[in-house]
Amino acid sequence: MPIIIKEIAALETYGVRHPVLRAGRPLEDCAMEGDDLESTFHLGAYDEELHIGVATFLKSEARQSPIVFDTINSYYQLRGMGVIPDHQGRGIGKLLLEKGIEKLQSYQIDMLWFNARVIAVPFYESMGFEKTGEPFEVKNIGTHFKMFKKL
Ligand SMILES: CC(C)(COP(=O)(O)OP(=O)(O)OC[C@H]1O[C@@H](n2cnc3c(N)ncnc32)[C@H](O)[C@@H]1OP(=O)(O)O)[C@@H](O)C(=O)NCCC(=O)NCCS
C-alpha cells in the first residue's frame with residue numbers, strides 16, 4: 001500500500017507530535033500556537049491505518065520571518081514536523097514537505113521558513129532549504145537554526 005498524505009485536525013497531530021517531538025512531557029505540551037486558525041493546515045502521513053508522520057503549516061507575517069525579500073509578501077511557517085522513528089529514512093518527511101509546498105504554491109505563498117532542530121538540518125538542506133543567521137537554543141529542545149526557501 002502506498003503512503004497516504006492527507007489533511008488532519010490539530011488534535012490528530014498529537015499521536016505523532018507527542019512521541020517524536022514532546023516525548024516524556026505532558027500531552028498538553030503538544031499544542032502549538034495557531035493550531036486552530038483557519039489559515040493553518042496540518043498534514044498527516046499514513047501507512048495503511050498507521051499514523052506515522054505530521055507537519056503543520058502556519059500563516060506568518062513578513063516581520064516574523066528570519067529573512068524578507070522585497071519581491072515576497074506571502075509567508076508561511078512550518079512547525080511540528082516529525083516522523084515516527086521506525087519509519088524515518090523511508091521518504092515520509094520528504095513526502096509531507098512536498099505535499100505542503102504543493103498546497104502553499106496553490107495558495108500563491110512565496111516563502112516557507114521555520115526553526116530547525118540541528119539534527120534535522122541535513123534533511124531540510126536535502127530539500128533545498130537554506131540556513132540563515134546564528135544557531136540558537138530552545139529550552140528543553142536544543143540547538144536550532146532558522147531555515148527558509150523561496151517557493
Ligand atoms: C527530520 C525528519 C522529519 C525527516 O523525515 P524522514 O522521513 O526521516 O526523512 P526522509 O526519509 O523523507 O528523507 C528525505 C531526504 O533527506 C535526507 N535525510 C534525512 N535525514 C537526514 C539526515 N539526518 N542527514 C542527511 N540527510 C538526511 C534523506 O537522505 C533523503 O534524501 P534523498 O531524497 O536524497 O534520499 C525525521 O527524521 C524526524 O522526525 N526526526 C525527529 C524529529 C525532528 O527532528 N523533527 C524536525 C524538527 S525541526
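1. Helix α2 and the sheet. In this predicted model, helix α2, residues 92–106, lies across six strands: β1, β2 (41–47), β3 (50–60), β4, β5 and β7 (142–150). Its direction makes an angle of about 145 degrees with β2.

2. Strand order. The sheet under discussion is open and is built from 7 strands with mixed pairing. Read across, the order is β1-β2-β3-β4-β5-β7-β6. The edges are β1 (3–8) and β6 (130–138), each of which pairs on one side only. Between neighbouring strands the turn is 25 degrees on average, direction ignored.

3. The parallel pair. Strands β4 (residues 75–83) and β5 (residues 111–117) run parallel and are joined by 3 bridges. For a point of reference when viewing the model, Y76 stands opposite L112 in β5.

4. The antiparallel pairs around β7. Strand β7 runs antiparallel to β5, with 7 bridges between them, and antiparallel to β6, with 6 bridges. On the β5 side, F114 stands opposite M147 of β7. On the β6 side, T132 stands opposite K146 of β7.

5. Backbone at two loops. The hairpin of β6 and β7 has 3 residues between the strands. N140, in the loop between β6 and β7, has a phi near 70 degrees, which is positive in a residue other than glycine. E48 is also not a glycine and has a positive phi of about 55 degrees; E48 is found in the loop between β2 and β3.

6. The largest pocket: size and position. Its volume is about 780 Å³. The lining has 30 residues, and those closest to the centre are L21, M81, R117, A120 and Y124. Two or more lining residues come from each of α1 (14–21), β4, α2, β5 and α3 (121–126). The helix of point 1, α2, is thus one of the elements that contribute to this lining.

7. The largest pocket: composition. Which element gives the most to the lining of the largest pocket? Strand β4 does, with 7 residues. By class, the lining of the largest pocket holds 15 nonpolar, 10 polar and 5 charged residues.

8. The second largest pocket. About 340 Å³ of space lies here. Of the 16 residues in the lining of the second largest pocket, L58, K59, S60, Q64 and Q77 lie nearest the centre. Strands β3 and β4 each supply at least two residues of this lining. Its classes are 5 nonpolar, 7 polar and 4 charged. Strand β4 therefore appears in the linings of both pockets, as an element giving two or more residues to the largest and at least two to the second largest.

9. Salt bridges. How many salt bridges are counted in the model? The count is 4 salt bridges. One salt bridge joins the side chains of R17 and D35, with an N to O distance of 2.9 Å. R17 belongs to helix α1, whereas D35 sits in the loop between α1 and β2, so this pair ties together parts that are 18 residues apart in sequence. Helix α1, which holds R17, is also among the elements giving two or more residues to the lining of the largest pocket.

Definitions and conventions:
Residues numbered from 1 in each chain as written. Predicted model: local features only at pLDDT ≥ 70, side-chain atom pairs only at ≥ 80, totals over all residues. Heavy atoms only, no water. Pairing = 2+ DSSP bridges. Helix = DSSP H or I, 4+ residues; strand = E, 2+ residues; numbered from the N terminus. Axes fitted to C-alpha atoms, helices over the stretch in contact; angles between N-to-C directions. Contact = heavy atoms within 4.5 Å. 1 Å grid on protein atoms, 1.4 Å probe; cavity = no way out; pocket = protein on both sides within 12 Å on 5 of 7 lines; lining within 4 Å. Points joined across faces, edges and corners; volume = space filled by probe spheres on them. Nonpolar A, V, L, I, M, F, W, Y, C, P; charged D, E, K, R; others polar.
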